[in-house]
Amino acid sequence: MNYRLKPILFLFACCCLVIPHLAFSQDVNEATEPSVKGAGVIDLLKGGGLEAWKIPSARWHLKDGSIVGETGTEKLTTPEWIYTKQGFSNFEFTCELKLTGDNRRNTGIYFRVKPISYRGRFEAPSGYEFDAAATGDKLTGSVGDWYARPSLRISADSAIINQIYNSDNWNRMTIQARGNRLEYWINGIKVMDYRDEDPKGSREGVIGFQMHDGSVMKIEYRNIRVLTLAP
């Protein structure tokens, strides 16, 4: 063998060993919940106020450090959303949620939202949802884009949800969105890891909370933080 070729062949062999490892590392299923703390984190209730939010109606207010949405004694005929003023693309997000009310109570965390007209009836979010219906509902923990792409509904494992979701009490809900990959955690347990290959999938928009119609309910959101990520 030509001795001049030996260093080149050695380098080539090393690259063959390293490159597959790097490719695999990019797809690893990381189960650890993001902490969403430290430098760069945005507190969406900074200063104890609602300056970071667009308030849709008097049903939404701030109380004891939480965003509260209440229907009162009458069910809503159309849903409502409270949205951040700032939009986000790739990010980590966390909050704590308490949902109380009748057996049809339902809320959701929406993200990468751009509001659209839904069948001419009301303004609705085009973008993803982290569904947070009451315990036992198969929608809890699911990914959806109901108002723009109703065929998209990826369900979480209901058996796991029913073990970890605290009905009528506080639950920590965490999202990591990077490119087309969406990951959800409830109370520290990973419940969703989905890649949306549809080119119509939203890549940027505001974050919002839903007060669903057809229910007498109260929702509370606190400790709301977001960290912007690089692409």
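Start with the largest pocket of this predicted model, which holds about 440 Å³ of space. Select Asn106, Asp131, Leu139, His212 and Asp213: of the 23 residues that line this pocket, these are the closest to its centre. Colour the lining by class, and 9 nonpolar, 6 polar and 8 charged residues appear.

Next, show strands E7 and E8 (122-131), each of which supplies at least two residues of that lining. Which strand gives the largest share? E8 does, with 3 residues.

Stay on E7, residues 108-118, and select Tyr110 within it. Is Tyr110 buried or exposed? Tyr110 counts as buried because its relative accessibility is 3%, under the 20% cut-off. Now display what surrounds Tyr110. Beyond its neighbours within four places in sequence, its contacts include Trp81, Pro125, Tyr128, Tyr147 and Val206. Glu129 is another contact of Tyr110, and a polar contact of 3.2 Å joins the two side chains. Then pick the C-alpha atoms of Tyr110 and Phe209: they lie 6.1 Å apart in space, although the residues are 99 apart in sequence.

Phe209 leads to the largest nonpolar core, which has 42 residues. Select Phe209 with Ile67, Phe93 and Ile224; these four have the most contacts inside that core. Centre on Ile67 and look past residues up to four places away in sequence: among those it touches are Leu45, Trp53, Ile82, Phe209, Tyr221 and Ile224. Ile67 also touches His61 and Glu220.

For the last stop, select Trp81, Tyr118, Phe122 and Ala124, which are included in a second, separate core of 9 residues. Trp81 has already appeared on this tour, as a contact of Tyr110.

Methods:
Residues are numbered from 1 along each chain as its sequence is written. This is a predicted model: local features need pLDDT of at least 70, side-chain atom pairs count only at pLDDT 80 or more; totals for chains, interfaces and linings use all residues. Side-chain values use heavy atoms; hydrogens and water are left out. A nonpolar core is a set of buried Ala, Val, Leu, Ile, Met, Phe, Trp, Tyr and Cys residues joined through side-chain atoms within 4.5 Å. Buried means under 20% relative accessible area, exposed over 50%, partly exposed in between (1.4 Å probe, protein chains only). Contact means heavy atoms within 4.5 Å. Helices (H or I, at least four residues) and strands (E, at least two) are DSSP runs, numbered from the N terminus. A polar contact is a pair of N or O atoms within 3.5 Å; within protein, one must be able to donate a hydrogen and the other to accept it, and residues adjacent in sequence count only if both atoms are side-chain atoms. On a 1 Å grid over the protein atoms alone, a cavity is a set of points where a 1.4 Å probe fits but cannot get out, and a pocket is an open set with protein on both sides within 12 Å along at least five of seven lines; lining residues have an atom within 4 Å of a point. Grid points are joined across faces, edges and corners, and a volume is the space filled by probe spheres set on the points. Ala, Val, Leu, Ile, Met, Phe, Trp, Tyr, Cys and Pro count as nonpolar, Asp, Glu, Lys and Arg as charged, and the others, Gly among them, as polar.
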